[in-house]
Amino acid sequence: MGLSPRWKEALLLAVILPLPFLGWVSLDLTRDGAPVPGHLVYPLVCTAVFLLAHLVLRFLRPQADPLLLPLVAALTCVGLIMLLRLNPHMARLQLIWLGVGAALMLLMVALLRDYRSLKNYRYTLAVLGLALLLSTIFFGREVNGARLWLILGPLRFQPSELAKILLAVFFAAYLAERKELIAGAGRVVAGVHLPRPRDLGPLLTMWALSLLLLIFQRDLGSSLLFFGIFLAVIYVATGRAAFVVAGLLLFLAGATLTFFLFGHVRTRVETWMDPLNPETIGDESYQIAQSLFAFAEGGLSGAGLARGSPGLIPFAETDFIYAAIGEELGLLGAAALALLYLVLCGRGLHLALRCADDFGKLLAVGLTAVLGLQSFIIMAGVTRLMPLTGITLPFVSYGGSSLVSNFLLLGLLLCVSEGGGELAEGD
């Protein structure tokens, strides 16, 4: 007789949760010559949070997927140790946000007994998501060149982090309801099944929204992310690649137009094409140039924890934490982190395939697309595979809004996974 999902989860956590203790000892031995007792609070609190989450899931969601929580624990532990290395003050704050995020996730898991009930609030969630997304255009504060933040007294909040989840729920509910209507209509021209013009309305709306984000918020990352989520969900809902091709052509046309019309877009692309240009390396392309130097310095196995110079990279704790990992843990460490994201996304798609209802399938795809696209966009940006963006690496980068939102996303995936029914028996 096989192990139950929760026992599998317990065994995986037993393998992963020593990781922050090893990181703490290694870091302090290199930096201070001996473990600093005061730093023990970081691995202890991190371990306690995930063990508590595991125990609560035993009672609330005994059949939920056993891999999601351990994978997120591994990513969170790596991020916390790197933050302790880079900026102990931010590591302390991250520890607080970890507790808040995990508590809200468990609250969601407890209250949302049937995730299908979210379909009834799809338009409310869409309006709320759009309001959050567009709020920074009117009330936002520009930080590091992007207008992404709302500042309420001492709190700084990035509304796009929560909006991505709300819009993923709306996309799933809307397309689950209309997928047969959209997929079955249209004409076949030269072997290509073209959509009807009126079915292009949602695609054009999302395209316009992504351009607004790029122009007014100066945020290429969110622009790509929201449009990419929509394309992923509509492709899975309809099975028609024509929507994806049309969407990519529209985005390419919009990006080209904004390149010629707006200076900040042009600067971003030019520094991407030639980051070592002597005229810009001291200013616009300094950040990406330092990131490339960090990866080169790390080589295959890395300089070693606390033996590199990630302090030379501006905003290494947030947008560029992957470059810091590349320098100190090398190609092997960076590849291992990318592999964790691949396994996490693969598990999300596996849940979608096994889900019994259309809304659950599309919701799992949308939430997985959020994690996969966001991880790819920021990792591709710091390695110069694509122009630099200003979004966080999920569960690893510093950021309260990001960490809390991603734990809510994890809670939704856990709810969907139990709704899949036979998952526990099959695994």
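Here are some questions and answers about how the labels in this predicted model are earned.

Residues are numbered from 1 along each chain as its sequence is written, and side-chain values use heavy atoms, with hydrogens and water left out. Since this is a predicted model, local features need pLDDT of at least 70 and side-chain atom pairs count only at pLDDT 80 or more, while totals for chains, interfaces and linings use all residues.

Q: Why is Arg-61 called buried?
A: Buried means under 20% relative accessible area, exposed means over 50%, and partly exposed is in between, with a 1.4 Å probe and protein chains only. Arg-61 comes out at 2%, so the label is buried.

Q: Where does Arg-61 lie?
A: Look in the loop between helix 3 (41-60) and helix 4. Helices here are DSSP runs of H or I with at least four residues, and strands are runs of E with at least two, numbered from the N terminus.

Q: What makes the pairing of Glu-418 with Arg-61 a salt bridge?
A: The rule asks for a side-chain nitrogen of Lys or Arg within 4 Å of a carboxyl oxygen of Asp or Glu. For Glu-418 and Arg-61, the closest N and O atoms are 3.2 Å apart, so the pair passes. This pair links distant parts of the chain: Glu-418 sits in helix 15 (residues 400-419), Arg-61 in that loop between helix 3 and helix 4, and they are 357 residues apart.

Q: Why is Glu-418 called partly exposed?
A: Its relative accessibility is 21%, so it lands in the class between buried and exposed.

Q: Which backbone oxygens does the side chain of Arg-61 come up against, and what makes these polar contacts?
A: The backbone oxygen of Val-109 lies 3.1 Å from a polar atom of the Arg-61 side chain, and the backbone oxygen of Leu-112 lies 2.4 Å from one. A polar contact is a pair of N or O atoms within 3.5 Å; within protein, one must be able to donate a hydrogen and the other to accept it, and residues adjacent in sequence count only if both atoms are side-chain atoms. Both distances fit that cut-off, so the label holds.

Q: How do you know that Arg-6 and Glu-9 form a salt bridge?
A: Their closest N and O atoms are 2.6 Å apart, so they meet the salt-bridge rule. Both belong to helix 1 (residues 5-16), three residues apart, which is about one turn of the helix. Arg-6 has a relative accessible area of 2% and Glu-9 has 0%, so each counts as buried.

Q: How many salt bridges does the rule give?
A: The count comes to eight. There's also a network of salt bridges linking Asp-114, Arg-116 and Asp-357.

Q: What makes Glu-328 and Arg-85 a salt bridge, and which helices do they link?
A: Their side chains meet at 2.9 Å, N to O, so the rule is satisfied. Glu-328 is in helix 13 (residues 321-354) and Arg-85 in helix 4, 243 residues apart. Glu-328 has 1% relative accessibility and Arg-85 has 13%, so both count as buried. The side chain of Arg-85 also reaches the backbone oxygen of Gly-308 at 3.2 Å.

Q: Why is Leu-111 called exposed?
A: Its relative accessible area is 66%, so it clears the mark for exposed. Leu-111 lies in helix 5 (residues 88-111).

Q: What makes Ile-96, Val-100, Leu-104, Leu-107 and Leu-111 a patch?
A: Patches are made of residues with over 30% relative accessible area and no salt bridge; like charges are joined within 9 Å, and nonpolar side chains (Val, Leu, Ile, Met, Phe, Trp, Tyr) within 5 Å. These five form a nonpolar patch on the surface, with about 460 Å² of accessible area together. Such areas come from the Shrake-Rupley method with a 1.4 Å probe, and for residues only the protein chains shown count as cover.

Q: How many residues are in the largest nonpolar core, and what makes it a core?
A: It has 117 residues, and among those with the most contacts inside it are Phe-50 and Leu-393. Helix 4 (residues 68-86) gives the most to this core, with 15 residues. A nonpolar core is a set of buried Ala, Val, Leu, Ile, Met, Phe, Trp, Tyr and Cys residues joined through side-chain atoms within 4.5 Å.
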